[in-house]
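Here is a briefing on the pockets of one protein model, written for a reader who is new to it. Please look over the sequence and structure first.

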Amino acid sequence: MEDSAGAYGSVRWMMLGVLCASLLLVAMDATILNVALPSLIEDLQVGPLEQLWIIDIYGLVLGGLLITTGALGDRVGRKLLFISGFVLFGIASVVAATADSAAQLIGGRVLLGVGGAMVMPSTLSLIRTIFSDVRERTMAIGIWAAVAGVGATVGPIVGGFLVEHYGWASAFWLNVPVVLVTVAVGLWVLPEYRAPQAGGLDWFAAALSVAGIVCLAWGIKHLAKGEASEVDWVILCVGIAALAWFTRRQLTAADPLLDVRLFRNGAFTAAALATLLAMMAIGAAMFLISLWLQYVHGYSPSQAGIRMLPAALTLLTASLLTPLLMEKFGVRAVLGFGLGAVALGFLLLAVSPEPTTYPVVALVLVSFGLGDGMAVTAAAAVLVGAVPADRAGQAGAVEETNYEVGVGFGVALLGSLHARIFSQHMTDLPVPADRVDQASGSIGGAAEVAADLPEPARDQLTQASSHAFDVALTTTSYISAVVVAVVAVGTVWLVPKGFRVTGGH
């Protein structure tokens, strides 16, 4: 093992700073539009389904491509992929910022997802290359996870300020100067790395992985919404079949895009599951809480963003402390406690009396930040430590796929479930017949309709939508608490007692 200075001397922490700057933007873009949704609805006239796609298409595209880009980085060079992806991210930001329709905005978000998919596995795999000492690498991963998590949680805060003062497009313009500076510095300081024995890329397997994840997400979204057609069922089955075919192909490949045999390792599987479920739960919760703050309590975007701050602060602290906690208590305890904190947050939200108050939500956000910080940091350290340096792109891909697909699935699945329950409780509304669907489709739609109604119909619709939103939030939280608790138990069972993070094979 090399000495604790690592392969790149003191400049390695500057390298980490460059990687974290890019990661911050990519992570922020997963949630920065949550508080911008009301102004987007008003400006672009988007419907309930378009709202969900605008929010979660980014994470689903990003997650669908991560396996491919992780393997591509090992072959063509991680620095090259990182720089190219971040340049594309900047271009996509301009496309999204200049959107005058929902279609162009969704298209910009798709391009942002492609760029982000090129960046994110490169950050984690470059950390594996730069930090050869296990203890330093674990600390670097703790900082990496803190930036990723804080980026997702401060996205609504930054987005709220920008939207309130400069309009929703400013949330994308923010990316451009950061991209320019980071690319310039990255070209100067980052090392290049290619796997020495890597073969060509299996493009058919890559297509299978992308199609499988995207089709699976599509099917889950429409099933959860309760509007699944025969076509949606076919798409879901295609997704499952594509992922099964991809898995079988990887088992026989000499140089697989993803070595699925890694999942025979209980700790590796537990880490992947922990990341997926933690991000599913938190992604959906942050989305719903941001809507609750603005529509139910009437906070401005920046006021709503500030009230999300407890999650960011707790997550930052938990991520930085997790390497020390893993050293003292082991991976098993840290993963179990982290997921348990997430489940507790949902349980608190579920049992709180209606109407839900902000002090309860603040406590819930603390639980989410604590759980996310611990679970994701520990999981990333396990995944990276489980592979040799020439396969670090695969570890980064698994971590980031579960992270981003988790956020996307969380919003798609739990967000759609919440919307369905909300609609079921929006009955006997004092609105014209031609606007019933709009008022019952989402709390944003109800707010638009209420603005055009006279008193007392306006107050009646506002109260009905607030009550329906709270009821739906309670039910969704109960379901989430049970699912996360079950996964927490399974994770503890999968990780061997006394397991510690090592330097890989």
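Ala, Val, Leu, Ile, Met, Phe, Trp, Tyr, Cys and Pro count here as nonpolar, Asp, Glu, Lys and Arg as charged, and the others, Gly among them, as polar. The model is predicted, so that local features need pLDDT of at least 70 and side-chain atom pairs pLDDT 80 or more, while totals for chains, interfaces and linings use all residues. Residues are numbered from 1 along each chain as its sequence is written, and side-chain values use heavy atoms, without hydrogens and water.

**Largest pocket**

- The largest pocket (on a 1 Å grid over the protein atoms alone, an open set of points where a 1.4 Å probe fits, with protein on both sides within 12 Å along at least five of seven lines) holds about 490 Å³ of space, a volume being the space filled by probe spheres set on the points, which are joined across faces, edges and corners.
- Its lining (residues with an atom within 4 Å of a point) has 19 residues, with I67, I213, L243, T401 and N402 nearest the centre.
- This lining divides into 15 nonpolar, four polar and no charged residues, and α16 gives the most, with six (helices are DSSP runs of H or I, at least four residues, numbered from the N terminus).

**Second largest pocket**

- About 250 Å³ of space lies in the second largest pocket, where V134, R135, T138, P323 and E327 are the closest to the centre among 11 lining residues.
- Seven nonpolar, one polar and three charged residues make up the lining of the second largest pocket, to which α6 (134–166) and α13 (309–329) each supply at least two residues.
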